Amino acid sequence: MHFQISGKHLDVGDSLKDHVQKEMGTILEKFAIRPVQALVTFSRNRHEFVCESSVHLSTGLTAAANGRATGIFASFDLAADRMEKQLRRHKRRLKDHHRKRTSPIETTGAPQYILSAQDTESESAESDSLQPVIIAEMETDIKSLSVGEAVMQMELTGEPVLVFRNETHQGFNVVYRRNDGNFGWIDPGISG
């Protein structure tokens, strides 16, 4: 497995790198999940250290966890605890899942845009065209999943919404976290 441990405007020493590799290795071995790559990034936000970690699994799913603390080791330990909890849930769901995935998840590329959230009444570009201002443009992957796998992926990453291609009929679907804690599923391919 490949580890990428880095710091944003922060020097990450050898002792921290060794600690991260040892702890992440222990967590991943404990759950016998086939990891491909682990990315751990440290940064500083005022008086706190922030640890952002993600593990890419061979099935194509990604688990992500963050931790914030006043100490850099403590921030990683919080993120590692959250990662362990997510992977434990993931493994439990895999055991309960009737269908085993034998091939990696297929992905489709799609453009992703970040729109400005500011009230831009004064900007003449938007007021003339009534279009939002695009502040970033990048490529993203849309995964081909079952609905259960989509919910599992959303829980692993902690995202509030996930767009995916439904394996059943190859149409685009959306799962999202509702305010009541449950999950919603939008399937335009189902006619009612």
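This is a transcript of a short group-meeting talk on one predicted protein model.

Okay, hi everyone. Quick reminder before I start: what's on the screen is a predicted model. I'll go from the overall layout to the salt bridges, then a buried polar spot, then the surface.

So, the layout. We have one protein chain with four helices and nine strands. If you walk along the sequence, the order goes β-α-β-β-β-α-β-α-β-α-β-β-β. The chain has 192 residues, and 33% of them count as buried.

One helix to look at here is α4, residues 147-157. How much of helix α4 is buried? Eight of its 11 residues are, so the helix is largely enclosed by the rest of the structure. Going through them, the buried ones are E149, A150, V151, M152, Q153, M154, E155 and L156. Please notice that E149, Q153 and E155 are on that list alongside residues such as V151 and L156. Right after α4 comes G158, with a positive phi of about 80 degrees.

Next, salt bridges. Side chains of opposite charge can pair when their charged atoms come close. Searching the whole structure turns up four salt bridges, and I'll show you three.

Let's begin with K30 and E84. Their closest N and O atoms are 2.6 Å apart. K30 sits in helix α1, residues 14-31, and E84 sits in helix α2, so this pair ties together parts that are 54 residues apart in sequence. Is E84 buried or exposed? It's buried, because its relative accessible area is 14% and the cut-off for buried is under 20%.

E84 has another partner, too. R88 also makes a salt bridge with E84, with 4.0 Å between the closest N and O atoms. For those of you who care about cut-offs, the criterion here is within 4 Å. R88 and E84 are both in helix α2, four residues apart, which is about one turn of the helix. R88 itself is partly exposed, at 36% relative accessible area. Put it together and K30, E84 and R88 form a linked network of salt bridges.

On to the strands. R68 and E48 pair up through their side chains, at 3.3 Å from N to O. This one links distant parts of the chain: R68 is in strand β4, residues 62-69, E48 is in strand β3, residues 48-57, and the two are 20 residues apart. As for accessibility, R68 comes out at 44%, which makes it partly exposed, and E48 is partly exposed as well, with 22%.

Now the buried polar spot. Which side chains does N173 touch through polar contacts? One is N166, at 2.9 Å, and another is D187, also with a contact of 2.9 Å. N173 belongs to strand β8, residues 172-177. Its relative accessibility is 1%, so N173 counts as buried. If you're clicking along, put N173 in the middle of your view and look for N166 and D187 around it.

Okay, surface patches. There's a positive one made by K85, R89, R92 and R177. Which element gives the most to the positive patch? That's helix α2, residues 72-96, with three residues. R89 is in that helix, and it counts as partly exposed because its relative accessibility is 35%. So helix α2 turns up twice in this talk: in the salt bridge between R88 and E84, and again in the positive patch.

There's a nonpolar patch on the surface as well. Y113, L115 and I134 make it up, with about 290 Å² of accessible area together. I134 is in strand β6, residues 134-145. With a relative accessible area of 46%, I134 is partly exposed.

Just before we stop, have a look at P132, in the loop between α3 (124-129) and β6. P132 is partly exposed too, with 39% relative accessibility. Its C-alpha atom is 6.8 Å from that of S116, and the two residues are 16 apart along the chain.

To recap: an α4 that's largely enclosed, a K30, E84 and R88 network, a buried N173, and two surface patches, one positive and one nonpolar. That's me done, thanks. Who wants to go next?

Notes
Residues numbered from 1 in each chain as written. Predicted model: local features only at pLDDT ≥ 70, side-chain atom pairs only at ≥ 80, totals over all residues. Heavy atoms only, no water. Patch = residues over 30% accessible without salt bridge, like charges linked within 9 Å, V, L, I, M, F, W, Y side chains within 5 Å. Areas by Shrake-Rupley, 256 points an atom, 1.4 Å probe, with all protein chains shown as cover. Lys, Arg positive; Asp, Glu negative; His and termini not counted. Charge placed at Lys NZ, Arg CZ, Asp CG, Glu CD. Buried < 20%, exposed > 50% of the residue type's maximum accessible area, 1.4 Å probe, protein only. Polar contact = N/O pair within 3.5 Å; in protein donor to acceptor, adjacent residues only side chain to side chain.
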